[in-house]
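Please open the structure in your viewer with the backbone drawn as a cartoon, and keep the side chains ready to be switched on. The tour begins on one face of a helix and then moves outwards, stop by stop.

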Amino acid sequence: MKIGVISLGCDKNRVDTEKMLSRISEAGYEIVGSEEESDIIIINTCAFIDSAKKESIDEIYSALSFKEKSDNKKKVIVTGCLSQRYLDDLNKGISDVDAYLGVCNYDDIIDAIKTLESGKKFRCTDKKDKFTPERVLTTPYHYAYLKIADGCNNHCTYCAIPSIRGKYVSEKMDDLIKEASKLADDGVKEIILVAQDVTRYGMDFDGKPHIIDLCRELEKLDFEWIRLLYLEPEMVTDELIEYISSSEKVVKYMDIPFQHADSEILKVMGRHTDLESTKKLVEKVKSHGIKLRTTFIVGFPGETEEKYNVLKDFVSEFRPDYAGFFAYSKEDGTPAARLKNQVDGRTKKSRAKEMTKIQTQIIKENNNSYIGKDLKIIYDDIDYDKQMFVGRTEFQTPDIDSVVYFKSDKQMNIGQFYSVRIEKTDGIDLIGSVL
């Protein structure tokens, strides 16, 4: 039996997929890389915003087209957020799918496959997986994501994650260290910690955050870089900033999703910050030599031109190193979806485009400061069109931020670290040569 798996959405979903792949492999099934080869096609879906839902549904219909061409010999399994959130609708609307599993049902994947082999359908979205450290990496071997918690307790008014993933649940530290140790032994050099909010790690244990404690344990392992993604701003303490700035292994990079800058908009969003606290946090992070990535939602209900300009002025003045801008997506069942003062789609798209243009110019201007400097990079890939190697500095996250293109006269080994002298820029990317 040959099984192909498509993973959509965030890197937390990627980890779920990797652990599902391990279960499938351990059960003796063959994992293949295309729908054509597959006897069973599994799609691990995302349902965070409209565009993610559309992508998931498009992939489901694509898989079903392969099933139809095979005279229904191929089977289709849908897992993850979409089936967790919309199981009843999917059962009615896309009933040709052979199995639906939710976000905590990857332990059931083998039972689902065996049920399909017997000619029956399978449905399950109401169980909680047991922890497993076993994975089949889908990233390059030298970096991996470590999902340290699932769910969220923040209940931002625009977000459906708590209703899909449930309350915030931290993985046990001993389990995470066991998983990380195996990754380090397998050659992973950069470990990237992910959760809906990594700063709250361990608060469900005893009411106190334990993210620093976890990082200190990870520092004992053979990682070169430890990266933290998605730190809620109200949880970024002076202690955490000091720790990151002084650690030898935690990279000097923080991904802090601010979501907006206008205080009234932030209040309606259910965020726990305002304009002044956001300004102070940015100043503090930058004063410690830490690079800042953030995200913003534009076109949130009630975002007048005046409130939008507050965001635009904030970005122009405080110049985050990287930022993503997303047009507000009206999500079923969220409080924000019921607000009356919705912003029209054209305005949302226009504002997102304008903010992206402003941020791109900030990145280009910042890049000029690196010309002539020697930067430590990790070698990720080769760009054959450019005939150059591709790497990243500690302030560049895989698949999200810009990259460093570089040349070298000596043999290069993927996953190793090199010193690169930056010679010029190419838009948002840096270009240099290995010393």
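This is a predicted model. Begin with helix α9, residues 238-246, and select E239 and S246, the exposed residues carried by the face that is turned away from the buried side of α9.

Now add the residues of the other side: L240, I241, Y243 and I244 of α9 are buried. Because these four cover an arc of only 165° around the axis, they lie on the same side of α9. An α-helix has 3.6 residues a turn, so residues three or four places apart point the same way.

What do the buried residues of α9 pack against? Select α8 (211-218), β11 (225-228), β12 (253-255) and α11 (275-287), which are the elements that they pack against.

From there, follow β12 into its sheet, an open one of 3 strands in the order β12-β13-β14, with parallel pairing. Its edge strands are β12 and β14 (322-327), each of which pairs on one side only, and neighbouring strands of this sheet are turned by 15° against each other on average, if direction is ignored. Next select β13, residues 291-298, which is joined to β14 by 6 bridges, the two strands running parallel. To see one of these pairs, show F296 together with its bridge partner in β14, F325.

The next stop is strand β15, residues 374-383, which pairs with strand β18, residues 417-426, in the antiparallel sense over 5 bridges; here K376 stands opposite S419 of β18. Strand β15 is also joined to strand β16, residues 388-392, by 5 bridges, and these two strands run antiparallel. Select D383 and M388, since the latter is the bridge partner of D383 in β16, and then look at the hairpin of β15 and β16, where 4 residues lie between the strands and Q387 takes a positive phi near 55°.

Finally, clear the selection and view the protein as a whole, whose secondary structure comes to 13 helices and 19 strands. Its radius of gyration is 22 Å, close to the 22 Å that the globule rule gives for 435 residues, so the protein is as compact as a globular protein of that length. Along the principal axes, the C-alpha atoms fill a box of roughly 65 × 60 × 50 Å.

If you colour by accessibility, buried residues make up 56% of the 435 residues, while the protein exposes about 19,500 Å², of which carbon and sulfur atoms supply 47%. In a contact map, residues 24 or more positions apart account for 72% of the contacts with a separation of 6 or more.

Terms used. Residues are numbered from 1 along each chain as its sequence is written. This is a predicted model: local features need pLDDT of at least 70, side-chain atom pairs count only at pLDDT 80 or more; totals for chains, interfaces and linings use all residues. Side-chain values use heavy atoms; hydrogens and water are left out. Buried means under 20% relative accessible area, exposed over 50%, partly exposed in between (1.4 Å probe, protein chains only). The arc is that of the directions from the helix axis to the C-beta atoms. Contact means heavy atoms within 4.5 Å. Two strands pair if DSSP finds at least two bridges between them. Axes are lines fitted to C-alpha atoms, for helices over the stretch in contact, and angles run from 0 to 180 degrees between N-to-C directions. The radius of gyration is taken over C-alpha atoms; the globule rule is 2.2 Å times the number of residues to the power 0.38. Accessible areas come from the Shrake-Rupley method with a 1.4 Å probe; for residues, only the protein chains shown count as cover.
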